[in-house]
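Please open the structure in your viewer and keep the sequence panel beside it, since each stop of this tour begins with something to select.

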Amino acid sequence: MIKANNNMKFTYLLLTTLFICSSVFGQKKLDRTLKQLNTESVPYIYVNELQTAENTVFLDTRKQEEYSVSHLKNAVWVGYDAFDETVVTDKIKDKNTPIVVYCSIGVRSEDIGERLQKAGYTNVKNLYGGIFEWKNQGNTVYKDHAVETDSVHTFNKQWGKLLYKGIKVYDTPKQN
């Protein structure tokens, strides 16, 4: 009986340690990836800082297919390849409006953030870790504007390794 109890304790301790290590290593992997791919020309905002962000406009810079799977609540899709600056300038007249751009992890959104800065927007932030970090920290994502979902489009299998929570979606059916 004592041996079984010790085995259970050992198993619990091992699982807890593995979980903590995977979270730490996962965060380091994200940190390393962003340091390699971004210049931080658009200042980061972290998920925990968004809990107090009021009057912030969220711009989703991913592909339409990714946005259709899930996005942050009330986010406006602006795309990346199809990005049209006039969509933003028509919707956001005040150039001092707080804007958070995001994508899967924060790479494409930095590019769009730079374009917004060049267009005169003064309060643009890039969501550190993108929608992946948002979901990894247990926050809700939405399909349509009011329907909660656990699904997140992962862009591809390589990027999908950085999403630890939620349902990974790699392919979506073509919309007619």
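Begin by selecting strands β1 and β5, which pair in the parallel sense over 2 bridges. What you have on screen is a predicted model, and the tour moves through it one selection at a time. Within this pairing, pick Ile45 and look across to β5, where its bridge partner is Leu127.

Keep β5 selected and add β4, because these strands too are paired in the parallel sense, here over 3 bridges. Val100 is a good residue to pick at this stop, as its bridge partner in β5 is Lys125. If you now add helix α4, residues 108–118, you have the whole of a right-handed β-α-β unit, made by β4, α4 and β5.

Return next to β1 and select the aromatic residues around it. The structure holds 3 aromatic pairs. In one of them, the ring centres of Tyr44 and Tyr128 are 4.8 Å apart and the planes stand at 85°, so this pair is edge-to-face. Tyr44 belongs to strand β1 (residues 44–45), while Tyr128 is in the loop between β5 (124–127) and α5 (130–136), so the pair ties together parts that are 84 residues apart in sequence. Both rings are worth checking with a surface display: Tyr44 counts as buried at 12% relative accessibility, and Tyr128 counts as buried at 9%.

Leave Tyr128 selected and add Tyr46, which forms a tilted aromatic pair with Tyr128, with 4.8 Å from centre to centre and 35° between the planes. Tyr46 lies in the loop between β1 and β2 (57–60), and Tyr128 in the loop between β5 and α5, so this pair ties together parts that are 82 residues apart in sequence. Is Tyr46 buried or partly exposed? With a relative accessible area of 37%, Tyr46 is partly exposed. Select the three tyrosines together, and you see that Tyr44, Tyr46 and Tyr128 form one aromatic cluster.

Now turn to the interior and select Leu50, Phe58, Leu72, Tyr102, Leu127, Ile131 and Phe132, the residues with the most contacts inside the largest nonpolar core, which has 22 residues. Colour the elements that contribute: α1 (2–37), β1, β4 (99–102) and α5 each supply at least two residues of this core, and the largest share, 3 residues, comes from α5. Apart from this core lies another one, of 13 residues, among them Leu59, Ile99, Ile112 and Tyr121. To follow a single residue through its surroundings, centre on Leu50 which, leaving aside neighbours within four places in sequence, is in contact with Ile45, Phe58, Val100, Leu127 and Trp134.

Two further stops show a charged side chain over a ring. Select Arg108 and Phe155, where Arg108 lies over the face of Phe155 at 4.5 Å from the ring centre. Then select Lys157 and Tyr170, where the charged end of Lys157 sits over the ring of Tyr170, 4.2 Å from its centre.

Finish at Ser151, in strand β8 (residues 151–153). Which residues does Ser151 touch, not counting residues up to four places away in sequence? They are Val69, Ser70, Val141, Ile167 and Val169. Ser151 itself is buried, with a relative accessible area of 16%.

Notes. Residues numbered from 1 in each chain as written. Predicted model: local features only at pLDDT ≥ 70, side-chain atom pairs only at ≥ 80, totals over all residues. Heavy atoms only, no water. Phe/Tyr/Trp six-rings, centres within 6.5 Å; stacked < 30°, edge-to-face > 60°. Helix = DSSP H or I, 4+ residues; strand = E, 2+ residues; numbered from the N terminus. Buried < 20%, exposed > 50% of the residue type's maximum accessible area, 1.4 Å probe, protein only. Lys NZ or Arg CZ within 6 Å of the ring centre and 35° of its normal. Core = buried A, V, L, I, M, F, W, Y, C linked by side-chain atoms within 4.5 Å. Contact = heavy atoms within 4.5 Å. Right-handed = clockwise from strand over helix to strand, strands pointing away.
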